[in-house]
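Trainee: I have the model open in front of me and would like a close look at just one part of it. Could you take me through the surroundings of the ligand, residue by residue, and then show me what lies next to them?

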Amino acid sequence: MTTIGVLGLQGAIIEHVRSIEACGKEAVVIKRPEQLQEIDGLILPGGESTTMRRLIDRYDFFDSLVKFGQSGKPIFGTCAGLILLASDIDGQNDAHLGLMDMVVARNAFGRQKESFEASMEIKGVTSDFEAVFIRAPYIQQVKEDTEVLATYDDKIVAAKQGHYLATAFHPELTDDHRLVSYFVDMVEVAKTKKLASV
Ligand code: GLN
């Protein structure tokens, strides 16, 4: 059985659990670093990236999360989770996990657009995804090996680099599970590759 974890420190945790389950997979809320060994893929939820980072440090998660990614297991960062994955954050000297080569801008859609929904095409997923943005960041810049999956207002709002997936919006807040299902497929592919290499 494919098992997908949701980092359970802060943010929209239970919503991701529901969407993983709606895709027919087992979901585990990850509260301790040792639990990372039990899962095939991980979702870093939306919430508040600075708070989440503080909790990552407090509960000694940092190195285990980096190792998890470097071992080839897929990670999907949504909103604050995208910020945690980024190698660079506009206006800040230090990034967080730094696993995905991209520059992100926090709270980047401006005040008048604190929260909004927009229908958009997501490459490889669908042409009509209803995306929910909440004080969302966007991706300012990516490297060549990163595939841009979606843009809104000419800004990159979804991208994939190998086994890392990131969205500026919250795919878990609607009943449309197609993007989470796309991540589930990434996890299954990575799992098959790993089994083949043993
Ligand atoms: N603006 C938040 C941050 O910087 C992210 C918002 C969200 O996850 N909905 O962490």
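Mentor: Gladly! Let's start with Arg106, which counts as partly exposed because 18 other C-beta atoms lie within 10 Å, a count that falls between the 12 or fewer of an exposed residue and the 20 or more of a buried one. Keep in mind as we go that this is a predicted model. The protein chain has an average pLDDT of 96, with 99% of the residues scoring at least 70, and for the complex the predictor gives an ipTM of 0.95 and a pTM of 0.96.

You will find Arg106 in the loop between β6 (100-105) and β7 (115-122). Setting aside neighbours within four places in sequence, Arg106 is in contact with Ile83, Ile89 and Pro137. Of these contacts, Ile83 is worth holding on to, since Ile83 and Arg106 both appear among the residues around the ligand.

The full list around the ligand is Gly46, Gly47, Glu48, Ser49, Cys79, Ala80, Ile83, Arg106, Asn107, Ile134 and Arg135. By character, this shell divides into four nonpolar, four polar and three charged residues. It is helpful to put the record beside that list: an unreviewed UniProt entry gives Gly47, Glu48, Ser49, Arg106, Ile134 and Arg135 under "binding site". Those positions span 89 residues in sequence, yet no two of their C-alpha atoms are more than 12.8 Å apart, so they gather at one spot.

Glu48 is another member of that annotated set. Glu48 sits in the loop between β3 and α2 (49-58). With 15 other C-beta atoms within 10 Å, Glu48 is partly exposed. Leaving out residues up to four places away in sequence, Glu48 touches Gln10 and Ala80, and Ala80 is itself one of the residues around the ligand.

Now move to Cys79, which also belongs to the ligand's surroundings. Cys79 is placed in the loop between β4 and α4 (80-85). Cys79 counts as buried because 28 C-beta neighbours lie inside 10 Å. Beyond its neighbours within four places in sequence, Cys79 is in contact with Gly46, Ile134, Ala136, Pro137, Ala168, Phe169 and His170. Among these, Gly46 and Ile134 are part of the shell around the ligand, and Pro137 is a residue we already met as a contact of Arg106.

The contact with His170 leads to a second annotation. The UniProt record, again an unreviewed entry, places "active site" at Cys79, His170 and Glu172. These residues are spread over 94 residues of sequence, but they cluster in space, with a largest C-alpha distance of 11.0 Å. Glu172 lies in the loop between β12 and α5 (178-197). Glu172 is buried, with 26 C-beta neighbours inside 10 Å. Not counting residues up to four places away in sequence, Glu172 touches Ala12, Glu15, His16, Ser19, Thr78 and Val180.

Thr78 takes us into the strands beside these loops. Strand β4 covers residues 75-78, with Ile75 and Gly77 pointing one way and Phe76 and Thr78 the other way; all are buried. Strand β3 (residues 41-44) runs parallel to β4, and three bridges join them. In that pairing, Leu44 stands opposite Gly77. β4 also pairs in the parallel sense with strand β12 (residues 164-167), over four bridges, and there Thr78 stands opposite Thr167.

Those strands tie the loops together as you trace the model. The loop between β3 and α2 holds Glu48, the loop between β4 and α4 holds Cys79, and the loop between β12 and α5 holds Glu172. Since β4 pairs with β3 and with β12, you can follow the strands from Glu48's loop to Cys79's and on to Glu172's. Arg106 comes in from the loop between β6 and β7, with its contact to Ile83, a residue of the ligand's shell. If you colour just these residues and strands on your screen, you should be able to retrace each step at your own pace.

Definitions and conventions
Residues are numbered from 1 along each chain as its sequence is written. This is a predicted model: local features need pLDDT of at least 70, side-chain atom pairs count only at pLDDT 80 or more; totals for chains, interfaces and linings use all residues. Helices (H or I, at least four residues) and strands (E, at least two) are DSSP runs, numbered from the N terminus. Two strands pair if DSSP finds at least two bridges between them. A residue is near a molecule or strand if its C-beta atom, placed from the backbone, lies within 6 Å of it. Ala, Val, Leu, Ile, Met, Phe, Trp, Tyr, Cys and Pro count as nonpolar, Asp, Glu, Lys and Arg as charged, and the others, Gly among them, as polar. UniProt positions are given in the numbering used here, feature names are shortened, and annotations may be inferred rather than shown by experiment. Two residues are in contact if their C-beta atoms, placed from the backbone, lie within 7 Å. pLDDT is the predictor's confidence in each residue, from 0 to 100.
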